[in-house]
Every structure is written in C-alpha cells, then in structure tokens.
Amino acid sequence: MSKETVVNTEAVETVKEIIKDVETAMFATISEGGINSRPMQTQEIEFDGDLWFLTMRDTSKYQEILANPNVNVAYVGKSYVSIRGRAEVVEDLAKKKDMWNAAYGKFLHTTYDDPNVILIKVDTDTAEYWETGNKTKTVKAFFKQLVGQKEVKGKSELNQTVDLD
C-alpha cells in the first residue's frame, strides 16, 4: 500500500508538538546484519527539520552511519512519530560544548572536548505520526471512520505522513 505524503505547515507543527516533550527516541541504523535500534536522547528539541544526538565514535552506530546514512528515529509519548532521514557525523567543538551537560560527563566518563565524542545530525526527510494525545480528536476521528467519513486511502486523520524537506 503506497502512502500519500501530506505537505502542510500544520502537519509539520504537529510532528514538532509530538516530539517536543519526548527526551529519548529509538534511533535505528542499518548494518549488514539488519536494522539496529537503540535509545538515544535528542539534543535539540526545537524541531526545525534536523535532529541532533550526541554519542561516542567507538560505537557500532558510528560505523553503521558511515556505511549507510539512512536512519529512522521513533518517538513515543502521548502520540507516536516515526521520522526517516539521513544521518551525518558532525565534528563541531562549540556545538558539542553547547549541548553538553554534567550528566553526559558522568554517563560517558569523559568531557565534551574528547575527540571520541561526536554529534550526529539527522537531516529529516519524512515523518509518519499517529496522533492519540487528544482524546476528543481521537474519538471524533474514529467515529468519522465508523460512519465512512474522512478516511484517506486507509488512513484516518490521526495518521499522516508528512514531507519534511
């Protein structure tokens, strides 16, 4: 089943609203063995089309991104969103310093200026979201589906695919 992409500012704002309060995302990369997902903390919640993560160079995700930059980032909160994009490793000491906090130092046992600390920037392509946080909107959408109104190619108004480019 092909998915139609909805392109509108309201939908992009909906994705931004869904991910703004979710600190940890599931970050999926592709390896020779398949798809690998791991929890990672999003660094900049102000969603502008890019997602930022901080990690260590000596990890499998670093090697997987170098081999295949296509990634998926999934957020689960009051609603759900799955974001597809291309990851790149960024070596920007000032940006690492800006994103760093004491908790990272304790967790990673290092400092922001360690050359093993890297940033991952995800240039987002598309997002699919399932909006369930608003109970009134959810009930209304399901009722419309039951009576045969407002369904687009098998999707309710609560499930949209958004072009983020």
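**Figure 1. Salt bridge between Glu 64 and Arg 38.** In this predicted model, Glu 64 and Arg 38 form a salt bridge whose closest N and O atoms are 3.1 Å apart. Because Glu 64 belongs to helix α2 (residues 60-67) and Arg 38 to strand β2 (residues 34-41), the pair ties together parts that are 26 residues apart in sequence. Glu 64 has a relative accessibility of 10%, so this residue counts as buried, the limit being under 20%. Arg 38 is buried too, because its relative accessible area of 13% is under that 20% limit. Side chains of opposite charge can pair when their charged atoms come close. The structure holds five salt bridges; two others are shown in Figures 2 and 3.

**Figure 2. Salt bridge between Lys 121 and Asp 50.** The side chains of these two residues meet with an N to O distance of 3.8 Å. Distant parts of the chain are linked here: Lys 121 is in strand β6 (residues 117-130) and Asp 50 is in strand β3 (residues 50-56), 71 residues apart. Are the two partners buried or partly exposed? Lys 121 is partly exposed, because its relative accessible area of 22% lies between 20% and 50%. Asp 50, at 18% relative accessibility, counts as buried.

**Figure 3. Salt bridge between Arg 84 and Asp 125.** In this pair the closest N and O atoms are 3.8 Å apart. Arg 84 sits in strand β5 (residues 80-90) and Asp 125 in strand β6, and the pair links these distant parts of the chain, 41 residues apart. Arg 84 is partly exposed, with a relative accessible area of 46%. Asp 125 is also partly exposed, with a relative accessible area of 27%.

**Figure 4. Strand β3 and its pairing with β6.** Seven of the seven residues of β3 are buried, so this strand is largely enclosed by the rest of the structure. Which residues of β3 lie on each side? Asp 50, Trp 52, Leu 54 and Met 56 are on one side, and Leu 51, Phe 53 and Thr 55 are on the other. Both faces of β3 are covered. Strands β3 and β6 run antiparallel to each other and pair over seven bridges. Within this pairing, Phe 53 stands opposite Ile 120 in β6. Asp 50 of β3 and Lys 121 of β6 are also the partners in the salt bridge of Figure 2.

**Figure 5. Strand β4 and its two faces.** The side chains of β4 (residues 70-76) alternate along the strand. Val 71, Val 73 and Tyr 75 point to one face and are buried. Asn 70, Asn 72, Ala 74 and Val 76 point to the other face and are not buried.

**Figure 6. Partners of strand β4.** Strand β4 pairs with β1 (residues 24-31) in the antiparallel sense over three bridges. Met 26 has Ala 74 in β4 as its bridge partner. How many bridges join β4 to β5? There are seven, and these two strands run antiparallel. In β5, Arg 86 is the bridge partner of Asn 70. A hairpin of three residues joins β4 to β5.

**Figure 7. The largest pocket.** Rolling a probe the size of a water molecule over the atoms shows where empty space is left. The largest pocket holds about 310 Å³ of space. Its lining has 16 residues, and those nearest the centre are Met 40, Gln 41, Leu 54, Tyr 104 and Phe 107. At least two residues of the lining come from each of β2, β3 and α4 (102-108). Leu 54 is also one of the buried residues of β3 in Figure 4.

**Figure 8. The whole chain and its confidence.** The protein chain has five helices and seven strands. Along the sequence they follow the pattern α-β-β-β-α-β-β-α-α-β-α-β. Of the 165 residues, 41% count as buried. Among contacts between residues at least 6 apart in sequence, 67% join residues at least 24 apart. The mean pLDDT of the chain is 81, and 77% of its residues reach 70 or more. Over residues 138-147 the pLDDT is below 50, and this stretch has 11 contacts in the model beyond near neighbours in sequence. Residues 151-155 also have a pLDDT below 50, with nine contacts beyond near neighbours in sequence. Where pLDDT is low, the predicted coordinates should not be read in detail.

How values were computed: Residues are numbered from 1 along each chain as its sequence is written. This is a predicted model: local features need pLDDT of at least 70, side-chain atom pairs count only at pLDDT 80 or more; totals for chains, interfaces and linings use all residues. Side-chain values use heavy atoms; hydrogens and water are left out. pLDDT is the predictor's confidence in each residue, from 0 to 100. Contact means heavy atoms within 4.5 Å. A salt bridge is a side-chain nitrogen of Lys or Arg within 4 Å of a carboxyl oxygen of Asp or Glu. Buried means under 20% relative accessible area, exposed over 50%, partly exposed in between (1.4 Å probe, protein chains only). Two strands pair if DSSP finds at least two bridges between them. On a 1 Å grid over the protein atoms alone, a cavity is a set of points where a 1.4 Å probe fits but cannot get out, and a pocket is an open set with protein on both sides within 12 Å along at least five of seven lines; lining residues have an atom within 4 Å of a point. Grid points are joined across faces, edges and corners, and a volume is the space filled by probe spheres set on the points.
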